[in-house]
Amino acid sequence: MKDGESENLISAIGQVKSPFKEKFAIPRQPNLTPSVISEVVVPLPFGTAEAFEGIEEFSHIWLLFRFHHNLQQGWKPQVRPPRLGGNQKKGVFATRSSFRPNGFGISVVPLVNVATTAQEVRLQVSGLDLADGTPIYDIKPYIAYVDAIPNAHSGFAPDAPQLMAVHFTTEALCKLKALSSDHKTIEVQVKEVLAQDPRPAYRKQAKQDAHQYGTSFDDFNFRWQVIDNKIEVFEVNKA
C-alpha cells in the first residue's frame, strides 16, 4: 500500500441531523445544552441492526466527526482559544480548535434512543455540539471506568463557562407560540444555547455592545441583543 493510500479508504458512516443550521451559536463543547436533541443517522451499509446490537446498553457514546465547514481554510500551528478571550495563542494540539490538520473532532454525548429500519439506524442523542450535516466517521461506547478520569487537570479550561441570563420579550414569546406548537421546548433549548454567550470574544470584552445578533435554530431565526449583561430575545421568525 502506497503512502497516503489508506487515507482514501476512510469515509463517513453517517451524518448528524441537528437543529444547528449554522456555525454561529453552536456550543463549543458537548453536554452544555442538555435539552437539545439531535440524531446521528447511519444508512446502509453501516446502518444495520447487527452493527449496533448492544449499543443501547451504554448511557453515552463517543462520536468521531469532521469539521467539514472548516477544511478549506486549512490550519495553523497556533490558535487563539475563545476561552482565553481570543487574546492568547496556544498550540493547536493543546486546544479543541476546529481548524486542525485533518479536521477531526470527538464528542461524548448521552444516548437517548436507538431506532432501526431496513434502511438506516438513527441514534438520538442530547447535548450534541455539531452542525446539521456533520459527517460521522466512527461511533464507540463510552466506558466509564477508563474514560472518566476523576483527578484530571484541564489546563486553561478548568471549569464550565459562566452562563448568561436569557429572556424573551413578550412579543417574541407570542410570536414563537404562534409559530410552533412545541414552543415551550424550543424556548428552553434556545435559552440553553444563548446562555453560552456565542458572541465573538472582542464583542464580549467591549464595554458596550449595541450589536443585534441573529441565530438560526431548528426552523427558526432568533434576533437578540445584550442589555445590562443579559441576553434579550426580541424577535422570532421562520427560517
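The lining of the second largest pocket is divided by class into five nonpolar, five polar and five charged residues. The model in which this pocket appears is predicted. The briefing below treats the pocket, then a barrel of strands, and finally the residue Q205.

**The second largest pocket**
- The volume of the second largest pocket is about 280 Å³.
- Its lining consists of 15 residues, and those nearest the centre of the pocket are S18, P19, I37, Q189 and D218.
- Two elements, strand 2 and helix 4 (183-194), each contribute at least two residues to this lining.

**The barrel**
- Six strands form a closed barrel in the order 1-2-7-6-3-8, and their pairing is antiparallel.
- From one strand to the next, the twist averages 45°.
- Within this barrel, strand 2 (residues 37-43) and strand 7 (residues 120-126) run antiparallel and are joined by seven bridges.
- Opposite V42 stands V121, a residue of strand 7.
- Strand 2 thus belongs to two of the topics here: it is one of the barrel strands, and it supplies at least two residues of the pocket lining.

**Residue Q205**
- Q205 is located in helix 5, which covers residues 201-205.
- Is Q205 buried, partly exposed or exposed? Its relative accessible area is 44%, so Q205 counts as partly exposed.
- Leaving aside residues up to four places away in sequence, Q205 touches G85 and N87.
- Q205 and I61 are separated by 144 residues in sequence, and their C-alpha atoms are 36 Å apart in space.

Terms used: Residues are numbered from 1 along each chain as its sequence is written. This is a predicted model: local features need pLDDT of at least 70, side-chain atom pairs count only at pLDDT 80 or more; totals for chains, interfaces and linings use all residues. Side-chain values use heavy atoms; hydrogens and water are left out. Helices (H or I, at least four residues) and strands (E, at least two) are DSSP runs, numbered from the N terminus. Buried means under 20% relative accessible area, exposed over 50%, partly exposed in between (1.4 Å probe, protein chains only). Contact means heavy atoms within 4.5 Å. Two strands pair if DSSP finds at least two bridges between them. Axes are lines fitted to C-alpha atoms, for helices over the stretch in contact, and angles run from 0 to 180 degrees between N-to-C directions. On a 1 Å grid over the protein atoms alone, a cavity is a set of points where a 1.4 Å probe fits but cannot get out, and a pocket is an open set with protein on both sides within 12 Å along at least five of seven lines; lining residues have an atom within 4 Å of a point. Grid points are joined across faces, edges and corners, and a volume is the space filled by probe spheres set on the points. Ala, Val, Leu, Ile, Met, Phe, Trp, Tyr, Cys and Pro count as nonpolar, Asp, Glu, Lys and Arg as charged, and the others, Gly among them, as polar.
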